[in-house]
Amino acid sequence: LTGQCLSKDVTRGGAVVSLREITADTVRAICALETSDAQKGFVSPNSVSIAQAHFHPTARFKAIYADDTPVGFIMWRPAEEPDACYLWRFMIDQSHQGRGYGRAALQLWLESLTTQAIRMVKTSYVAGDAGPREFYRSLGFQDAGEVKPNGEWPMTLAL
Ligand SMILES: CC(C)(COP(=O)(O)OP(=O)(O)OC[C@H]1O[C@@H](n2cnc3c(N)ncnc32)[C@H](O)[C@@H]1OP(=O)(O)O)[C@@H](O)C(=O)NCCC(=O)NCCS
């Protein structure tokens, strides 16, 4: 996932989903991507995530595109275990949800990890109506124990 543009054409509408580097020219468009108000408790604004990444040198992030339209954002960092990775932030803009972009983007990202000797993906979610748990479960993630001190529930996926 370094530099190059990865793409996948598996969405229902036939759009090609890709993960692209964010640049000075595109950062405002990526920061303008938003979830619905009801989803705001599930993920931080992209501007906050990009600012946080500045203080976490091992964090990586990409914009998600459908064809040439920016539709979402993904951010991750190494987990404690050397062969594991933590999916930190993931969102599709409210006006682009439900078209298969989230699934395609996550599959694309997971495929890129297997070529980097990553064997386990961890994440955690905030419970709630329309929360992302079922989305992650449909991609193979499993619940992985007790609620964390920050109130989030852990999930894991073995690659
Ligand atoms: C979760 C999210 C990324 C899914 O993106 P999306 O592009 O709408 O998802 P897709 O269209 O690829 O849906 C893939 C599958 O998951 C299902 N799904 C998507 N969101 C779901 C939800 N909140 N609850 C239950 N199922 C969901 C879809 O029905 C679809 O199933 P299908 O393939 O069998 O039809 C998006 O809803 C989002 O940004 N949510 C708010 C932020 C968030 O919760 N992020 C994760 C926490 S870090």
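**The ligand and its pocket**

Colleague: Which residues of this structure come nearest to the ligand?

Modeller: In this predicted model, the ligand has 21 residues around it, and those that come nearest are F90, G98, G100, G102 and R103.

Colleague: What makes the approach of I92 to the ligand a polar contact?

Modeller: A backbone N or O atom of I92 lies 2.9 Å from an oxygen atom of the ligand, and because a pair of N or O atoms counts when it is within 3.5 Å, the pair at I92 qualifies as a polar contact. G100 meets the cut-off too, since a backbone N or O atom of that residue is 2.8 Å from a ligand oxygen atom, and for G102 the distance from a backbone N or O atom to an oxygen atom of the ligand is likewise 2.8 Å. On its own the ligand has 900 Å² of accessible area, of which the protein covers 77%.

Colleague: Which elements supply at least two residues each to the shell around the ligand, and how does that shell divide by class?

Modeller: Those elements are strand 5 (84–92), helix 3 (101–114) and helix 4 (133–138), while by class the shell holds ten nonpolar, seven polar and four charged residues.

Colleague: How do you know that the ligand sits in the largest pocket?

Modeller: The ligand is said to sit there because more than half of its atoms lie within 2 Å of the grid points of the largest pocket. About 820 Å³ of space lies in that pocket, and its lining draws two or more residues from each of strand 5, helix 3, strand 6 (120–125) and helix 4. Strand 5 gives the largest share, with seven residues.

Colleague: Which residues lie nearest the centre of the largest pocket, and what classes make up its lining?

Modeller: Of the 40 residues that line the largest pocket, F90, M91, P132, F135 and Y136 lie nearest its centre, and the lining comprises 17 nonpolar, 16 polar and seven charged residues.

Colleague: Why is K122 called a lining residue of the second largest pocket?

Modeller: K122 is counted in that lining because it has an atom within 4 Å of a point of the pocket. The second largest pocket has a volume of about 200 Å³, and strand 4 (69–78), strand 6 and strand 8 (153–158) each give its lining at least two residues. That lining divides into five nonpolar, three polar and four charged residues.

Notes: Residues are numbered from 1 along each chain as its sequence is written. This is a predicted model: local features need pLDDT of at least 70, side-chain atom pairs count only at pLDDT 80 or more; totals for chains, interfaces and linings use all residues. Side-chain values use heavy atoms; hydrogens and water are left out. A residue is near a molecule or strand if one of its heavy atoms lies within 4 Å of it. A polar contact is a pair of N or O atoms within 3.5 Å; within protein, one must be able to donate a hydrogen and the other to accept it, and residues adjacent in sequence count only if both atoms are side-chain atoms. Accessible areas come from the Shrake-Rupley method with a 1.4 Å probe; for residues, only the protein chains shown count as cover. On a 1 Å grid over the protein atoms alone, a cavity is a set of points where a 1.4 Å probe fits but cannot get out, and a pocket is an open set with protein on both sides within 12 Å along at least five of seven lines; lining residues have an atom within 4 Å of a point. Helices (H or I, at least four residues) and strands (E, at least two) are DSSP runs, numbered from the N terminus. Ala, Val, Leu, Ile, Met, Phe, Trp, Tyr, Cys and Pro count as nonpolar, Asp, Glu, Lys and Arg as charged, and the others, Gly among them, as polar. Grid points are joined across faces, edges and corners, and a volume is the space filled by probe spheres set on the points.
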